[in-house]
Amino acid sequence: MMTRTLRSAPLWLLYAFLYLPILVVIGMSFNANDSAYRWTGFSLQWYPALLGDAEIMGGLRTTLIVAVGTTVISVVLGTLLAMALERYLPSRALDAAAAAPAVMPDIMLAIGLLAFYTLVGIALSPVSVILAHSVFGIAFVAAVVRVRLAGMDPSLEEASRDLGASSVKTFWSVTLPGMRPAIIAGALLAFTLSLDEFTVAFFTASPAEPTLPIVIYSSVRFGVTPQINALATLLLLVSFIAVILAQRASRLGDSLRREGK
Amino acid sequence: MRALATVPAMTYLVVLMVIPLGLVIAYAFLTAGRFGGVQGPVTLDNVTRMLEPLYREVLASSVFNAGAATLIAFAIGFPAALAITRLPSHWQTAALIAVVLPFWTNFLIRTYAWIILLNREGLLNDGLALAGLGPIDFLYTRQAVILGLTYAYIPLMVLPIYASLQRLDPQLLEAAQNLGAGAWRRFRTILLPLTLPGIITGCLFVFIPSLGNFVIPELLGGGNSQMIGNLIRDQFLKSRDWPFGSALSLMVLALLIIIVMFQASAARRTRRWGA
């Protein structure tokens, strides 16, 4: 027992490193004092205070619009891309192109898109952020859905066609239901990614309609406020729930697959 | 007919990724317009300007910070990944999710958390005060920047290392131990070479986003720990010198390509030795 505890000591060290700062933020969001550093007592006042903060609420609205738009584009195009790469047109060059947004330094994409928008005359707005975030989103959804497609038996689709179903009918009643867990997982990941993304949004958002991370950035630059702690706690909660849901959706897929075999 | 399925997504990626990157490359060799934007003539001025001592220093400091963060992330991440592979298998997925979970939370908030901890009036100094020490200015130092970069990207180090450790045959380590190899020797001659692809991937996953980052140097490093990302941001949003900003970002890309190629060839050499 002792040696086993000792053996996992590096893991506990990593967890302490990863979670200590997060726990401090959560703890300080319940601080009665408006100093961000000194604990003076328990209070819930900073949570309702968020609702009255016009900048934060505006940022939240823009961020939700952007995240929903990004999720829709990413799911539709990412799923199509995954099917094309996995079933119809396997190609290493296309594989590389589909994976590129995930490995490129985000600041390059950010300045490239700003230059592009300026050149062709696209005004900066929530729409320009949606278009930018979808570049990442498509790559993510495609990657998740491809893994699922690779594990699906293509003979099911062949059987459907042999029995006289049209391609469209086969897609709706065989391929799409098979991909569903991966699509849900991909959608949640694209949504979370967009919700938290800062660098690309910073360059492609209109100054009049900043996303929530941009609002946080501007406020954090000038110091720590308890309101931001409360906001941070809520955002942490949303991200945690989304990731756990995505995990469950894809694991649900695994168990269904096992039952099917 | 079915190949048409690739068209929408690929058109999207060409228009909103390939063309923008092409613009950055092209702008790097143009001249800044008087009111922002770019104009002719084609020039190498932006490239030669990067070699001025001021910019060389920022570049070197960026590589140092990103490199230090990568090394520390490896030093913490490798033993942790090893510890996960030794857990009972039904615990391993949960242990991995717990490592990745912070990565899926807001990056600004994770950086901001360190301001609370490292500040002169922060918790770390409170702890020191109890021991009769301090206060120490942790915040606004190069060390704080390296810590922030390590913290932000360490989950990306653990995942690929875990994946390659898991593929390793545990009998190799047992055999080495039975033959009398000590822990360091087992690490150097078995663990390290056989998991090198995962280690390299993990290192790149930490190094690449660290190098271009401008938020962590600004929030944790203050004004005196600029990295190349800060320079690029300023060229685009403050001084409106897009060509120079583009040239700087090309430099980042060139650096990354060189490192990827160097590491790939190092990995090939090690594999040959291993075989």
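What follows is a chat between a student and a tutor about a predicted model of two chains, A and B.

Student: What makes α6(A) roughly parallel to α12(B)?

Tutor: Helix α6 (residues 106-120) of chain A and helix α12 (residues 228-237) of chain B pack at an angle of about 10°, with their axes 11 Å apart. Angles under 35 degrees count as roughly parallel, so the label fits α6(A) and α12(B).

Student: Which residues of α6(A) and α12(B) meet there?

Tutor: Ile107(A), Ile111(A) and Leu114(A) come from α6(A), and Gly229(B), Ile232(B) and Phe236(B) from α12(B). By class that gives five nonpolar, one polar and no charged residues.

Student: Why is one residue of that contact called polar?

Tutor: That's Gly229(B): glycine is put in the polar class, whereas Ile, Leu and Phe count as nonpolar, so the label follows from the residue type.

Student: And what do you call the angle between α4(A) and α11(A)?

Tutor: The angle is about 145°, and the axes are 7 Å apart. Roughly antiparallel needs an angle over 145, and a value of about 145° sits right at that cut-off, so I'd quote the angle and leave the label alone. On the α4(A) side the contact has Glu55(A), Ile56(A), Gly59(A), Leu60(A) and Thr63(A), while α11(A) brings Leu212(A), Ile214(A) and Val215(A). These residues divide into five nonpolar, two polar and one charged.

Student: Why is Tyr140(B) called partly exposed?

Tutor: Tyr140(B) has 18 other C-beta atoms within 10 Å. Buried takes 20 or more and exposed 12 or fewer, so 18 lands in between. Tyr140(B) sits in the loop between α6 (123-130) and α7 of chain B.

Student: How do you know that Arg240(B) gets that label too?

Tutor: Arg240(B) has 16 C-beta neighbours inside 10 Å, which also falls between the two cut-offs, so partly exposed it is. Its place is the loop between α12 and α13 (242-274) of chain B.

Student: What makes phi worth a look at Tyr140(B) and Arg240(B)?

Tutor: Most residues other than glycine have a negative phi. Tyr140(B) has a positive phi near 60°, and Arg240(B) a positive one near 55°.

Student: Where does the largest nonpolar core get its largest share?

Tutor: From helix α7 (residues 142-167) of chain B, with 15 residues. The core has 157 residues, and those with the most contacts inside it are Leu81(A), Ile111(A), Leu113(A) and Met157(B). Leu81(A) touches Ala98(A), Ile138(A), Ala142(A), Thr6(B) and Ala9(B), leaving aside residues up to four places away in sequence.

Student: How many residues are in contact between the chains?

Tutor: 61 residues of chain A are in contact with 61 residues of chain B. On the chain A side, the largest share, 13 residues, comes from α2(A). That side divides into 52 nonpolar, six polar and three charged residues.

Student: What is the confidence like in chain A?

Tutor: Mean pLDDT is 85, and 93% of the residues of chain A reach 70 or more. Among the elements of chain A, helix α10 (residues 199-204) has the highest mean, 95, and helix α1 (residues 2-7) the lowest, 69.

Student: Why be careful with residues 256-261 of chain A?

Tutor: There pLDDT stays under 50, and the model has one contact beyond four places in sequence for that stretch. Where pLDDT is low, the predicted coordinates should not be read in detail.

Notes. Residues numbered from 1 in each chain as written. Chains lettered and ligands numbered in written order. Predicted model: local features only at pLDDT ≥ 70, side-chain atom pairs only at ≥ 80, totals over all residues. Axes fitted to C-alpha atoms, helices over the stretch in contact; angles between N-to-C directions. Helix = DSSP H or I, 4+ residues; strand = E, 2+ residues; numbered from the N terminus. Parallel < 35°, antiparallel > 145°, perpendicular 65-115°, else oblique. Contact = placed C-beta atoms within 7 Å. Core = buried A, V, L, I, M, F, W, Y, C linked by C-beta atoms within 7 Å. pLDDT = per-residue confidence, 0-100.
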